[in-house]
Amino acid sequence: MSRKIGIVGMGNVGAAAAHYIVANGFADQLVLIDKNEAKVKADALDFEDAMSNLQYHTDITVNDYSALEDADVVISAIGSIKLQDNAGDDRFAELPFTRVNAREVAENLKAAGFHGKLVVITNPVDVITSIYQQVTGLPKNHVIGTGTLLDSSRMKRAVASRLGLDPRSVVGYNLGEHGNSQFTAWSTVRVLGKPITELAEARGLDLEELDHEAKVGGHTVFHGKKYTNYGVSTAAVKLALTIMSNSLTEMPVSNYREEYGIYLSYPAVVGNDGIVEQLQLDLTQEELDKLQNSANFIKQKYAESQEALKD
């Protein structure tokens, strides 16, 4: 069966995701969409020029929403990263741009008859994922944001670096908003076969410092090159492949949690049917309070967006 992925938005993030997919033969068909026609056509030609030096062949289609009708997964990578430049490290700086454009993309997907799974990178991701689900009318478990899949990876990198390990040796989650109210749920983190809270004492780890390092990782990258792309595009492609291969993998992604009434990051099992099972973590009271605070913030911003979109 032919594997088809669509990417809407071919800026730094969308292009990095597309390159990862093409270079590794993750899709048989790739549909690239962007309002900047010259840019998206140039990317497609660049990939085609690379094809004879790659192990895999990928058919590439440009700016044709109708080609997404039978796509397995569509990745939303639209955004305007320059809006964050003077915004004091606030992903919500992009919201006035992304809420309008996400609604337009969602309407185009709906008109095309797209009925696959939607993976959202677009910031602020929890609010935008909610908008996509509402406008497309797709089942809530079929619309998923990358959420704290990236923040959790940043936490694993920070912890592993202190311990001289590969980040894949660290298990655990960052939860809540993919933004300033997200946090590391240290009660979930294990490394070297032990809870990190136990290890921190023995190894002299400052968990507050590590939490801060995970939180500001994106800002550090952004200030160095004025965008982030590799970490988040890798997270998005991993999520897309988890869906397409039905690998039933537990991952912290932005999914709709009934008890909070909003999309936020909390681990779930992901497979061919999107979110196939939601986990229930045994969090501390402090962590539950932080998660509620994060949920309240996302809900407030989503409500404000709904009001703004009415105008």
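Two strands count as paired here if DSSP finds at least two bridges between them. Keep that in mind as we walk through this structure, which is a predicted model.

Let's start with a hairpin. Strands E10 and E11 make one with four residues between them, and in it Gly261 takes a positive phi near 65 degrees. The two strands, E10 at residues 249-257 and E11 at residues 262-271, run antiparallel and are joined by nine bridges. If you want a spot to look at, find Asn255, which stands opposite Leu264 in E11. How buried is E10? Seven of its nine residues are buried, so the strand is largely enclosed by the rest of the structure.

Just ahead of that strand sits Leu248, in the loop between helix H8 (230-244) and E10. Is Leu248 buried, partly exposed or exposed? Its relative accessibility is 48%, and buried would need under 20% while exposed would need over 50%, so Leu248 counts as partly exposed. Setting aside its neighbours within four places in sequence, Leu248 is in contact with Val269, Val270, Gly271 and Val276. Another residue to check from here is Asn272: Leu248 and Asn272 are 24 residues apart in sequence, yet their C-alpha atoms are 7.9 Å apart in space.

Now for the wider setting. The UniProt record, an unreviewed entry, annotates residues 148-304 as "domain: Lactate/malate dehydrogenase C-terminal". Over that stretch the chain is 49% helix and 26% strand, and the C-alpha atoms at its two ends are 23 Å apart.

Next comes an open sheet of three strands, in the order E7-E8-E9, with antiparallel pairing. Strand E7 (170-175) and strand E9 (194-195) stand at the edges, each with a single partner strand, so one side of each has no neighbour in the sheet. E7 pairs with E8 (residues 183-191) over five bridges. Within that pairing, Val171 has Arg190 of E8 as its bridge partner, and Asn174 stands opposite Thr184 in E8. Helix H7 packs on this sheet, touching E7 and E8, and its direction makes about 115 degrees with that of E8.

On its way to E9, the chain makes another hairpin. E8 and E9 pair in the antiparallel sense over two bridges, and Arg190 turns up again here, standing opposite Pro195 in E9. This hairpin has two residues between its strands, and Leu192 takes a positive phi near 55 degrees. As for cover, E8 is mostly hidden, with seven of its nine residues buried.

The helices are worth a look too. Two packed helices are described by the angle between their axes and the distance between the axes. Take H5 (residues 149-163) and H7 (residues 207-225): they pack at an angle of about 130 degrees, with their axes 8 Å apart. That makes H5 oblique to H7, and the crossing is right-handed. On the H5 side, the residues that meet H7 include Asp151, Arg154, Met155 and Arg162. Among those they meet on the H7 side are Glu209, Leu210, Glu213 and Gly217.

A second helix pair lies earlier in the sequence: H3 (residues 95-112) and H4 (residues 125-136), whose axes come within 9 Å and cross at roughly 30 degrees. How does H3 lie relative to H4? An angle under 35 degrees counts as roughly parallel, so H3 is roughly parallel to H4. This crossing, too, is right-handed. The residues of H3 that take part include Leu95, Thr98, Ala102, Val105 and Lys110, and the residues of H4 they meet include Val127, Ile131, Tyr132 and Thr136.

One more residue to find is Ala111, which also belongs to H3. With 70% relative accessibility, Ala111 counts as exposed. Its C-alpha lies 9.0 Å from that of Thr136, although the two residues are 25 apart in sequence.

Terms used:
Residues are numbered from 1 along each chain as its sequence is written. This is a predicted model: local features need pLDDT of at least 70, side-chain atom pairs count only at pLDDT 80 or more; totals for chains, interfaces and linings use all residues. Side-chain values use heavy atoms; hydrogens and water are left out. Buried means under 20% relative accessible area, exposed over 50%, partly exposed in between (1.4 Å probe, protein chains only). UniProt positions are given in the numbering used here, feature names are shortened, and annotations may be inferred rather than shown by experiment. Contact means heavy atoms within 4.5 Å. Axes are lines fitted to C-alpha atoms, for helices over the stretch in contact, and angles run from 0 to 180 degrees between N-to-C directions. Angles under 35 degrees count as roughly parallel, over 145 as roughly antiparallel, 65 to 115 as roughly perpendicular and the rest as oblique. A crossing is left-handed if the near helix is turned anticlockwise from the far one by less than a right angle, and right-handed if clockwise.
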